[in-house]
Amino acid sequence: MSSNAVLREAILNAGMTPAMLAERVEVDAKTVERWVSQGRRPHPITRHRVACVVARPMAELWPLPASAPATVPVSAPVVEGGVSLAQVLDRLSSVAAVLDRLTDRLENLEKATGSMGATA
């Protein structure tokens, strides 16, 4: 497997080390090293956490390979109600955007609360 230079750069640009990132997303430091050096992909929830911490989109940090075959046509129904995979992906994208905004708000609140506690 190839290394993940984009993730390495994102970690450095966030002013962190792989060990610091590991602590923030609650994984072992060796796991982060594997993501960077071996190009491994973490679990989707962990990918989201990492993307939030380093302020980069998940798809940028772990893009799907161009050669990855689509196992289900985008227009194929997913359930009996005629919901297509494209509709599901659109909804998931909307949910991810809301999660990103909520994460930003929470981080800002934590910073504000932390700064108030430091001055009190």
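1. His48 is buried, with a relative accessible area of 18%, a value that falls under the 20% limit for burial. The structure discussed here is a predicted model, and His48 makes a convenient point of entry. His48 is part of helix H4, and, once residues up to four places away in sequence are set aside, His48 touches Met58, Leu99, Asp100 and Thr103.

2. The surroundings of His48 in its own helix deserve a comment. Eight of the eleven residues of H4 are buried, so this helix is largely enclosed by the rest of the structure. Besides His48, the buried residues of H4 include Thr46, Arg47 and Val50, together with a run made up of Ala51, Cys52, Val53 and Val54. For the chain as a whole, buried residues make up 22% of the 120 residues.

3. Which residues lie nearest the centre of the largest pocket? They are His48, Pro57, Met58, Ala59 and Ala96, out of 23 residues that line the largest pocket. The space in the largest pocket comes to about 570 Å³. By class, the lining of the largest pocket consists of 14 nonpolar, three polar and six charged residues.

4. As to which elements build that lining, helix H4 (44-54), helix H5 (58-61) and helix H6 (85-119) each supply at least two residues of the lining of the largest pocket. H6 gives the most to this lining, with nine residues. Ala96, which lies in helix H6, is partly exposed, with a relative accessible area of 26%. The C-alpha atoms of Ala96 and His48 are separated by 8.7 Å, although the two residues are 48 places apart along the chain. Both Ala96 and His48 are among the residues nearest the centre of the largest pocket.

5. The end of H4 should be checked for its backbone geometry. Just after H4, Ala55 takes a positive phi of about 55 degrees, and Ala55 does so although it is not a glycine. Ala55 is placed in the loop between H4 and H5, and at 65% relative accessibility it counts as exposed, the threshold for that class being over 50%.

6. Ala55 also has a counterpart from an earlier part of the chain. The C-alpha atoms of Asn13 and Ala55 are separated by 9.4 Å, while 42 residues separate the two along the chain. Asn13 is found in helix H1 and is exposed, with a relative accessible area of 57%.

7. A second positive phi in a residue other than glycine occurs at Glu26, where the value is near 60 degrees. Glu26 belongs to the loop between H2 and H3, and, with a relative accessible area of 66%, Glu26 is exposed.

8. How do the helices on either side of H2 pack? Helix H1 (residues 5-13) and helix H3 (residues 29-38) pack at an angle of about 125 degrees, with their axes 7 Å apart. Since angles over 145 degrees count as roughly antiparallel and those of 65 to 115 as roughly perpendicular, H1 and H3 are therefore oblique to each other. The contact brings Leu7, Arg8 and Ile11 of H1 against Val32, Trp35, Val36 and Ser37 of H3. By class, the contact of H1 with H3 has five nonpolar, one polar and one charged residues.

9. Val32, one of the H3 residues in that contact, also has a C-alpha atom 9.7 Å from the C-alpha of Thr17, with their positions 15 residues apart in sequence. Thr17 is found in the loop between H1 and helix H2 (18-25), and at 36% relative accessibility Thr17 counts as partly exposed.

10. For the overall architecture, the chain has six helices and zero strands, so that, in the DSSP assignment used to define these elements, the order from the N terminus on reads α-α-α-α-α-α. Among contacts in the chain between residues at least 6 apart in sequence, 49% join residues at least 24 apart.

Conventions: Residues numbered from 1 in each chain as written. Predicted model: local features only at pLDDT ≥ 70, side-chain atom pairs only at ≥ 80, totals over all residues. Heavy atoms only, no water. Axes fitted to C-alpha atoms, helices over the stretch in contact; angles between N-to-C directions. Helix = DSSP H or I, 4+ residues; strand = E, 2+ residues; numbered from the N terminus. Parallel < 35°, antiparallel > 145°, perpendicular 65-115°, else oblique. Contact = heavy atoms within 4.5 Å. Nonpolar A, V, L, I, M, F, W, Y, C, P; charged D, E, K, R; others polar. 1 Å grid on protein atoms, 1.4 Å probe; cavity = no way out; pocket = protein on both sides within 12 Å on 5 of 7 lines; lining within 4 Å. Points joined across faces, edges and corners; volume = space filled by probe spheres on them. Buried < 20%, exposed > 50% of the residue type's maximum accessible area, 1.4 Å probe, protein only.
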